[in-house]
Amino acid sequence: MGEVWRSAISDSLNKFSGKIITFLPNLLAMITILIIGFFVAWLFKILLLRFLKAIQFDKVSERWGLAHIVSKGGMPYSPTHLLSQFFYWVIALITLILAVNALELAATQNFIARFFNYLPNLFAALFILVIGYLIAIFLGQAALIAAVNAQINSARLVSRAVRWFIIILSLTMALYHLGIAEKVIVATFTITFGGIVLALAIAFGWGGRELAKDFLEEVYQKREKKGEEEDQISHI
Amino acid sequence: MEEIKEADMLIGIPSYNNVRTIGHVVRAVTAGLAKYFPGAKAVLFNSDGGSTDGTQEEVEKVRIEDFKTILTSHPVHPVHKIITPYHGVPGKGSAFRAIFEAAKALNAKACAVVDSDLRSITPEWMELLLRPIYEEGFDYVAPLYARHKFDGTITNSIVYPLTRALYGKSVRQPIGGDFGFSGELAKFYLTREVWETDVARFGIDIWMTTLAIAEGYKVCQSYLGAKIHDAKDPGSDLGPMFTQVVSSVYALMHEYQKLWKGINGSEPIPAFGFRYEVGLEPISVNVERMIVNFRLGVKDLMEIWRKVLSHETAHRLESIERLSDEAFSFPQDLWVCIIYDFGIAYHKGSVHLEHLLKSMIPLYLGRVASFVKENRESSANEVEENIESLCRVFEEMKPYLIEHWEEGEKRR
């Protein structure tokens, strides 16, 4: 009886130590990955910070309105710090996932494989959103100035329309890239914009016939008047 | 050009669809050269931007058959004509570049450029633009004109006072369009790589004048009389003209910052020519529309302006916006403050440059409207005194510019 008991205990201990011996290298690998990964993330952050400062990224961001958006959002950091911090955490996240993967746990393997497959889409979507937003701000401002210089009273409306059109377009593209309800997104976008155009056409052509008539008459008269009262001064 | 080899003088005429006026300009130039420089070997260089109305053919065709009707003696050398399209960015500056290259190739001693849409050019212009270079040792001759009191508003409200305050030389028409310059200066212009910028367009005039002053060339001005252009193209837009000129002024301000920071006040430059009064036709100005544009700017562009202007300046603009058309007035010191603040913003690059410059247009129109209102009943001399007082404000407020410019430097 004592022999059986001893054998059971020793088998169990052997199995446990075997598992420990198998797991230990993975654990060490995880710790190594974590140390190297966080070091790489830190180094990348420092180098990126210096590079962005060298190319005066904050100044460029100010010019493009990015700094304004950042400060408007209540961020206490400059765009340079924000971007370097972002990349630090991206590398840190990848490090964490790789570290967990090093443990070779069956439950995490599938999740990690899917995550890495999805990562490019995530980056592409993020990139589309940021670029889309910047273009929207830039073109919105350009439209505003052009409309004011063309003496359009509703210049702000024109500017907002341009800005929101580009934001919605980039949002649609980003969601499409993420694969979130692709068909629904495309259909919604098509229906929404088609609907807006149709609504405007109907409103202008049917409901607002008189308004449209008045508007066109006003524009035409203004143009005629403009011809009559054209400035004759030479600006240069 | 290989046939001609060398020339004493080169007269450049940039053109683009100027068939109505270029014949008169060519005749005046030819007669002027024959009358005042009969012994000099001269070349007339038409730098064309691809005219489709027969401008080039007109230049080729124009001849003065009988010089006796205008001269007492016949010229020794006939004037050679070179008619060629220019290459590069379409614009006046690119046309000038081709003229500089021709001056260099022909080793010309004295050169002049005149606009092709001039109706008031006379043969005397050749003497006034070329003699200071050819015989008096000057390198650059700027024009002096009798113009309508409301003409040349970009010149009068921005370019003349700002150039004078910055570089200390009182060049009254720094962007006049008709200049004389030495062959050496033409060669110097060609050493600069600016032909893809606004200098290749409307910025060329202020670029030439500023470089001549800032690089220490001998500069003078000649009184040419009235400047009357062909009727303005109704399609021509103020926007590109304004932004190209102002952008060039600010870019030069950035380039020569070390120079202008050390200059106080201004001095007159030597002037040639006989001054006389000229009767000018009245011109119509739509002040109300300018005020409307200014008000729209205050309503919608203040968000952009606030990135450039101080809180106090922005507040003063809002106060002006509330004035009635009758009471509308845009004070000189406010205008100077705005011009300096936009120059600083251009230097710092805090706002996209095109947006910055285009957003200035309603402010400019507001100032022009105020100027026209103030001077409706004034004589030409009174208007000139008003412009001179604006120049003095520019000079008095230069410490403000230097102080804020350096604040920007420290932040960089």
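How many ångströms, or Å, separate the centres of domain 1 and domain 2 of chain B, taken over C-alpha atoms? Please keep in mind that what we are looking at is a predicted model, and that the domain assignment of chain B gives domain 1 as residues 9-272 and domain 2 as residues 287-411. With those bounds, the separation between the two centres comes to 29 Å.

Let me turn to how these domains meet, where the contact takes 22 residues from domain 1 of chain B and 26 residues from domain 2 of chain B. On the domain 1 side, the elements that give two or more residues are α5 and α8 of chain B, and α8(B) supplies the largest share, with 9 residues. Sorted by class, that side of domain 1 divides into 10 nonpolar, 9 polar and 3 charged residues.

Next, the interior: the largest nonpolar core has 134 residues, and Met9(B), Leu10(B), Ile11(B), Val114(B) and Val249(B) are those with the most contacts inside it. Helix α12 of chain B, residues 332-348, gives this core its largest share, 11 residues, and the core draws at least three residues from each of the two domains of chain B. If you look at Val249(B) and leave out residues up to four places away in sequence, you will find that it touches Ile158(B), Val159(B), Leu162(B) and Ile206(B).

Finally, there is the other chain, since 35 residues of chain B are in contact with 21 residues of chain A. Several helices of chain B each supply at least two residues to the side that touches chain A, including α5 (153-167) and α8 (238-255), while α10(B) gives the most, with 7 residues. By class, this side of chain B has 17 nonpolar, 14 polar and 4 charged residues.

Methods: Residues numbered from 1 in each chain as written. Chains lettered and ligands numbered in written order. Predicted model: local features only at pLDDT ≥ 70, side-chain atom pairs only at ≥ 80, totals over all residues. Contact = placed C-beta atoms within 7 Å. Helix = DSSP H or I, 4+ residues; strand = E, 2+ residues; numbered from the N terminus. Nonpolar A, V, L, I, M, F, W, Y, C, P; charged D, E, K, R; others polar. Core = buried A, V, L, I, M, F, W, Y, C linked by C-beta atoms within 7 Å. Buried ≥ 20, exposed ≤ 12 C-beta atoms within 10 Å, placed from the backbone. Domains from an automatic or database assignment.
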